[in-house]
Amino acid sequence: MKLHKLRVKRTAAIYSMGAEDAESFWLITHGYAMCADQALKKFRSLDNGNNYMVAPEALSRFYIDFKGQRTAVASWMTSRERLDEIDDYAHYLSEVLRTYRRGKKTILFGFSQGGTTMWRFINQIKPDFDVFINWAGDIPEDTNYDMPYLQGKRLIYVFGKNDQYVDNNRIKAFEDFAGELKMDIRFMSYDGDHRIYEDVLNSITRII
């Protein structure tokens with residue numbers, strides 16, 4: 001058996017919200033077993049004329065049982081042909097950024113698996129951005145971080161005190177890893193679990 005690889009075109013679903021002429025542009029990556037529009041609904045309170053938000057949907061879809069109904073959801077990658085998947089979605093996000101970016105300020109936002117996805121995109125493509133909000137995603141340790149490139153960029157890690165996937169030991173490991181790299185990440189916690197809370201999101205927007 002021989003493995004062959006062929007690049008093909010895909011049709012991506014991309015959702016947007018807000019005024020295209022807004023001051024701030026947001027690129028938002030959803031979490032595992034979510035869809036882009038589901039994640040974007042959490043940003044409705046930011047649809048105030050100041051933000052243009054774009055949420056691309058991951059290209060790998062599958063079904064889950066949700067409240068007794070078969071529901072289609074998406075995932076950014078699996079471990080199968082892992083490096084190809086990372087390369088594919090990094091270039092996908094780069095194309096989304098090139099096509100839809102507006103405004104003077106660029107904010108990258110990744111929730112859960114989307115946070116890890118965004119980190120890999122940042123490291124591989126090195127896009128120009130101002131703020132990266134990693135909400136309960138990993139900080140990949142199997143990559144080389146370009147520290148001069150990251151200097152001057154605001155890096156924020158947000159997590160819930162009752163997050164069932166990111167416990168205190170995991171946060172401590174992230175803090176230690178960032179410390180070893182001398183990476184300036186602001187860690188922020190909230191009372192809640194593994195989800196995006198709109199009030200917490202609104203409070204973060206006031207400091208960026």
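**Exercise 1. The surroundings of Gln124**

Leaving aside its neighbours within four places in sequence, with which residues is Gln124 in contact?

*Solution.* The model examined here is a predicted one. Begin by placing the residue: Gln124 belongs to helix α3. Its relative accessible area is 35%, so Gln124 is partly exposed. Once neighbours within four places in sequence are set aside, the contacts of Gln124 are Ile86, Asp87, Ala90 and His91. As a further point of reference, the C-alpha atom of Gln124 is separated by 26 Å from that of Ile204, and the two residues are 80 residues apart along the chain.

**Exercise 2. Arg120**

Determine whether Arg120 counts as buried or exposed, and list the residues that Arg120 touches.

*Solution.* Arg120 also lies in helix α3. The cut-off for burial is under 20% relative accessible area. The relative accessibility of Arg120 is 15%, and Arg120 therefore counts as buried. Not counting residues up to four places away in sequence, Arg120 touches Arg82, Ile86, Tyr89, Pro140 and Asp142.

**Exercise 3. The sheet**

Establish the strand order of the open sheet, then identify the strands at its edges.

*Solution.* The sheet has 7 strands in the order β1-β3-β2-β6-β7-β8-β9, and its pairing is mixed. β1 (14–18) and β9 each have a single partner strand; they therefore stand at the edges, and one side of each is left without a neighbour in the sheet. On average, neighbouring strands are turned by 20 degrees against each other, direction ignored.

The individual pairings can then be read off:

- β1 pairs with β3 (residues 51–56) in the antiparallel sense, over 5 bridges; Ser16 stands opposite Val54 in β3.
- β7 and β8 are parallel and share 5 bridges; Phe132 has Leu155 in β8 as its bridge partner.
- β8 and β9 are also parallel, over 6 bridges; the bridge partner of Leu155 in β9 is Ile185.

Finally, consider the burial of β8. Of its 7 residues 6 are buried, so β8 is largely enclosed by the rest of the structure.

**Exercise 4. Helices on the sheet**

Which strands do α3 and α6 contact, and how are the buried residues of α6 arranged?

*Solution.* Helix α3 (residues 113–125) lies across β2, β6, β7, β8 and β9, and runs at about 135 degrees to β6. Helix α6 packs on the sheet as well, touching β2, β6, β7, β8 and β9, with its direction at about 155 degrees to that of β7.

Next, inspect α6 (residues 198–205), in which Val200, Leu201 and Ile204 are buried. Viewed down the axis of α6, the buried residues fall within an arc of 100 degrees, so they line one face of the helix. Their cover includes β2 (24–29), β6 (105–111), β7 (131–135), β8 (154–160) and β9 (185–190).

**Exercise 5. The nonpolar core and Trp135**

Which residues of the largest nonpolar core touch the most other members?

*Solution.* The core holds 64 residues, of which Trp26, Phe43, Phe109, Trp119, Ile133 and Trp135 touch the most other members. Helix α2 (residues 82–100) supplies the largest share of this core, 6 residues. Now take Trp135: apart from residues up to four places away in sequence, its contacts include Phe109, Val158 and Tyr190, and also Val200, Leu201 and Ile204. Trp135 is also part of an aromatic cluster together with Trp26, Phe43, Phe109, Tyr190 and Tyr197.

**Exercise 6. Aromatic pairs**

Classify the pair Phe25 and Tyr52, then the pair Trp119 and Tyr145, and locate the partners.

*Solution.* A pair of aromatic rings is described by the distance of the centres and the angle of the planes. The structure contains 17 aromatic pairs. For Phe25 and Tyr52, the ring centres are 6.1 Å apart and the planes stand at 50 degrees, so this pair is tilted. Phe25 lies in strand β2 and Tyr52 in strand β3, so the pair ties together parts that are 27 residues apart in sequence. Phe25, with a relative accessible area of 0%, is buried, and Tyr52 counts as buried at 4%.

The pair of Trp119 and Tyr145 is edge-to-face, with 5.1 Å centre to centre and 90 degrees between the planes. Trp119 is in helix α3 and Tyr145 in the loop between β7 and α4 (147–150), so that distant parts of the chain, 26 residues apart, are linked. Both Trp119 and Tyr145 are buried.

Methods: Residues numbered from 1 in each chain as written. Predicted model: local features only at pLDDT ≥ 70, side-chain atom pairs only at ≥ 80, totals over all residues. Heavy atoms only, no water. Buried < 20%, exposed > 50% of the residue type's maximum accessible area, 1.4 Å probe, protein only. Helix = DSSP H or I, 4+ residues; strand = E, 2+ residues; numbered from the N terminus. Arc of directions from axis to C-beta. Contact = heavy atoms within 4.5 Å. Pairing = 2+ DSSP bridges. Axes fitted to C-alpha atoms, helices over the stretch in contact; angles between N-to-C directions. Core = buried A, V, L, I, M, F, W, Y, C linked by side-chain atoms within 4.5 Å. Phe/Tyr/Trp six-rings, centres within 6.5 Å; stacked < 30°, edge-to-face > 60°.
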